[in-house]
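Open the model in your viewer and show side chains as sticks. We will go from one selection to the next.

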Amino acid sequence: MTKLRYFSKKFSYIIINLVTIFFMTTTSAADKLNTKDQAIIPIAAFTANGDVSKLKISLNEGLESGLTINEIKEVLVQMYAYAGFPRSLNGLSTFMAVLDERKEKGITDIVGRDSKPLPTDRNSLEFGTDNQTKLIGTEVKGALFELSPEIDTYLKAHLFGDIFERDTLSWKQREIATIAALASLGGVNSQLSSHYNISMNNYVSVSELKEFVGVIEKHLGTQLAENAQKVLNTVLENKKEKNS
């Protein structure tokens with residue numbers, strides 16, 4: 001009986017340890033940026049800041065990481081909303097050249113799926129307003145948009161409507177691309193702060209944001225990474241104070 005009790009306790013101990021290891025492993029894996037999400041960061045950053053030579057390297061690495069042609073195109077197109085048409089168009093031109101070079105080498109890249117059609121029962125302003133509210137977690141209004149209702153309409157209808165409604169990328173991936181662009185530009189800490197918060201509303205964990213800063217340091221250097229970390233620290237401190 002004593003021996004049976006011993007083996008029973010031993011077996012329970014082993015099971016508990018196996019379960020603990022399983023959850024520690026799955027939690028850490030789920031709490032890390034996957035390979036494709038990591039690859040989005042330098043693509044968005046170098047498109048936004050106009051470093052075409054480094055963008056070319058990042059585009060190749062993105063394709064090798066498993067990003068499809070259509071997923072990368074979505075990142076490059078979205079960048080015009082944060083860095084302007086010239087940078088977005090340059091990014092697309094660079095991507096065309098990369099694809100041509102890879103094709104000449106006999107590399108076949110996966111095109112990937114197209115976005116589903118946009119809603120036809122509502123206009124862009126209507127579903128864009130809903131998307132913006134879901135992304136941010138509250139209705140967006142204020143003095144800035146009273147001063148310029150036009151920019152409010154453009155943000156809601158076009159950015160959060162026409163762009164964010166396209167489902168080739170998830171909202172999480174679009175936010176990763178956005179914070180990468182903002183971190184690379186400088187002088188937009190207010191917007192970076194806002195999008196850190198939006199990211200956390202859309203399945204980007206604190207651990208992933210800290211990892212994001214590490215990717216920024218690797219590709220864009222210490223100065224931009226330090227600024228990205230400083231902004232993130234302020235966001236997390238404010239969040240902690242709000243919840244306490």
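With which side chain does the side chain of glutamate 165 make a polar contact? Select glutamate 165 and look for asparagine 131, at 2.8 Å. Keep in mind that this is a predicted model.

Stay on glutamate 165. It sits in the loop between α9 (149-163) and α10 (171-185). The residue is buried yet has no salt bridge. Lysine 116 is the nearest side chain of opposite charge, 4.5 Å away; a salt bridge needs nitrogen and oxygen within 4 Å. Now show the surroundings: glutamate 165 touches Leu118, Pro119, Phe127 and Phe160, among others.

Zoom out. The chain has 13 helices and zero strands. Of its 244 residues, 37% count as buried. The whole structure holds ten salt bridges. Three of them follow.

Select arginine 113 and aspartate 167. Their closest N and O atoms are 3.3 Å apart. Arginine 113 lies in the loop between α6 and α7 (124-136) and aspartate 167 in the loop between α9 and α10, so this salt bridge ties together parts 54 residues apart in sequence.

Next, pick glutamate 64 and arginine 102. Their side chains form a salt bridge at 2.8 Å, N to O. Glutamate 64 is exposed, at 56% relative accessibility, whereas arginine 102 is buried, at 5%. Add Asp109 to the selection: Glu64, Arg102 and Asp109 are linked in a salt-bridge network.

Finish at lysine 172 and glutamate 208, a salt bridge of 2.9 Å, N to O. The pair links helix α10 to helix α12 (residues 206-220). Both residues are buried.

Definitions and conventions: Residues numbered from 1 in each chain as written. Predicted model: local features only at pLDDT ≥ 70, side-chain atom pairs only at ≥ 80, totals over all residues. Heavy atoms only, no water. Helix = DSSP H or I, 4+ residues; strand = E, 2+ residues; numbered from the N terminus. Buried < 20%, exposed > 50% of the residue type's maximum accessible area, 1.4 Å probe, protein only. Lys, Arg positive; Asp, Glu negative; His and termini not counted. Polar contact = N/O pair within 3.5 Å; in protein donor to acceptor, adjacent residues only side chain to side chain. Contact = heavy atoms within 4.5 Å. Lists of a residue's contacts leave out its neighbours within four places in sequence.
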